[in-house]
Amino acid sequence: MYSSEYEKRIIQCRSRTVRKLFSLNESPTSNDRFIPCRANNNWTTNFATISTKSNENSPQSSKKQRDCGENARDSVAYSCLIRNELLGTGIDDVKLVADDKNGGLHANSNRSGLFKYQSPTKQDYNEQCPYSLSPVSIKSQKLLRSPRKATRKISKIPFKVLDAPELQDDFYLNLVDWSAQNVLSVGLGSCVYLWSACTSQVTRLCDLSSDSNTITSVSWSERGHQLAVGTQHGHVTVWDVAASKQVNKLQGHSARVGALAWNGDVLSSGSRDRLIMQRDTRTPAQVSERRLAGHRQEVCGLKWSPDNQYLASGGNDNRLYVWNQHSSTPVHSYSEHMAAVKAIAWSPHHHGLLASGGGTADRCIRFWNTLTGQPMQCVDTGSQVCNLAWSKHSSELVSTHGYSQNQILVWKYPSLTQVAKLTGHSYRVLYLALSPDGEAIVTGAGDETLRFWNVFSKARSQKENKSVLNLFTNIR
């Protein structure tokens, strides 16, 4: 039965409830129940995607900023963004933040707890524009737009182009090399020409037309004073460039010599006769040489490791071998490539790391741990891999390609992301050489041109590159 006393109790209960709802911003008492709220998020308006002005942090560009381990600044910026949105720290510039040794971030900003036990004030709502489409606060938007470290830009246009008439379009030859004295050697037909990068002067070193012979490979010694020249008849001549004089003639191969590699005064040569011969250029030609027999077809790639302890060889039999100085049999044999292996490069930054590239039927760049003999990463380039070269200053490498793209690619290791793609040659980019300062490369192709590109940075990385392959960096 309805009574006036019951109506009074209902009205009093409603009054107490209303007073509690409007007293949340007052100091709490032990009898009050408070609902936590995040002060820096206005959920009534912050529901749309990031605006185009914050496009650098969109999902499309997240791939470029995924490498937080290599870029500490991106890692700090990400941490500041999370702290702004969850803790309300109000950091708007990465420069104001210091990352201590324990991984903590310090900033000259007001901090707040994860939850505020009070209702959001009018000032909290006005901190964010009510019409903003960004899901982050004003401070975070300013943080995301703060200046970042400028990305390195690689020019897609060669800074110099030279004519190279009679430059052969033959995948198995190595006709271009750049010396430590900044002199470029090029085999054109039956002649070897030298081009000085300092004076742009061109000189002819030798001419084999009288013997009906042609040049099949050239290779500078480490100091750049001597040049080895491989020929179609299987001879290897050694020239003193300063005196323009032949100082040695090495015989023994029964077919053309398409690959050469120096190790001090010892010269390694690979031939179509499937043999690799190692000879000391200081001794007479009659002194017995060391022969390495393993390939079943033409040897087209030879490279010594940076410590001069191992020789990598690639052949038209799709095999990649690694030899040492004490055995006549390879210490490692790799058969994963499905085409000829001409492109070979040892990393100067990671001890024991070897990169190799396969021909048209393979198209892959593969990486090998020669300390354990195990294969590592592999990337399909989509076209014939003709040459590989590592940067001297950073963990990057460049590859040149033939069928069917005829392009030049710059890769970042170990992520194997493409840094740049360079085009310009109309034929296969069969020849590649790195400048002595490690900044530029020269490429040659069957279109009878030599093109010079700036692809690597001179600045050495501030962070020391420590190889996980080096077994001697840690004490066990």
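**Figure 1. Asp380 and Arg363 in a predicted model.** Let us start with Asp380, which is partly exposed at a relative accessible area of 46%. This structure is a predicted model, and in it Asp380 forms a salt bridge with Arg363, with 3.9 Å between the closest N and O atoms. The pair links distant parts of the chain, 17 residues apart: Asp380 sits in strand β23 (residues 374-380), and Arg363 in the loop between β21 (353-358) and β22 (364-369). Arg363 is also partly exposed, with a relative accessible area of 29%. As a general reminder, side chains of opposite charge can pair when their charged atoms come close.

**Figure 2. A salt bridge between Glu396 and Lys412.** Here the closest N and O atoms of Glu396 and Lys412 are 3.7 Å apart. Glu396 belongs to strand β25 (residues 396-401) and Lys412 to strand β26, so this salt bridge ties together parts of the chain that are 16 residues apart in sequence. Is Glu396 buried or exposed? Glu396 counts as buried because its relative accessibility is 5%, and buried means under 20%. Its partner Lys412 is partly exposed, with a relative accessible area of 26%.

**Figure 3. The open sheet that contains β25 and β26.** Zooming out a little, we meet 4 strands that form an open sheet in the order β24-β25-β26-β27, with antiparallel pairing. Which strands lie at the edges? They are β24 (385-390) and β27 (417-422), each of which pairs on one side only. From one strand to the next, the twist averages 20°. In general, strands of a sheet pair through backbone hydrogen bonds, either parallel or antiparallel.

**Figure 4. Where β26 meets β27.** This view follows strand β26 (residues 408-412) alongside β27, and the two pair in the antiparallel sense over 5 bridges. What stands opposite Lys412 in β27? That residue is Thr417. Lys412 thus appears in two of our views, as it also forms the salt bridge with Glu396.

**Figure 5. Asp207 and Arg204.** Asp207 forms a salt bridge with Arg204, and their closest N and O atoms are 3.7 Å apart. Asp207 is partly exposed, with a relative accessible area of 32%. Arg204 has 53% relative accessibility and therefore counts as exposed, since the cut-off for exposed is over 50%.

**Figure 6. A network of salt bridges.** For the last close-up, which residues are linked in a network of salt bridges? They are Asp170, Arg256, Arg272 and Glu298. How many salt bridges does the structure hold? The count is 10.

Technical notes:
Residues are numbered from 1 along each chain as its sequence is written. This is a predicted model: local features need pLDDT of at least 70, side-chain atom pairs count only at pLDDT 80 or more; totals for chains, interfaces and linings use all residues. Side-chain values use heavy atoms; hydrogens and water are left out. Two strands pair if DSSP finds at least two bridges between them. Axes are lines fitted to C-alpha atoms, for helices over the stretch in contact, and angles run from 0 to 180 degrees between N-to-C directions. A salt bridge is a side-chain nitrogen of Lys or Arg within 4 Å of a carboxyl oxygen of Asp or Glu. Buried means under 20% relative accessible area, exposed over 50%, partly exposed in between (1.4 Å probe, protein chains only).
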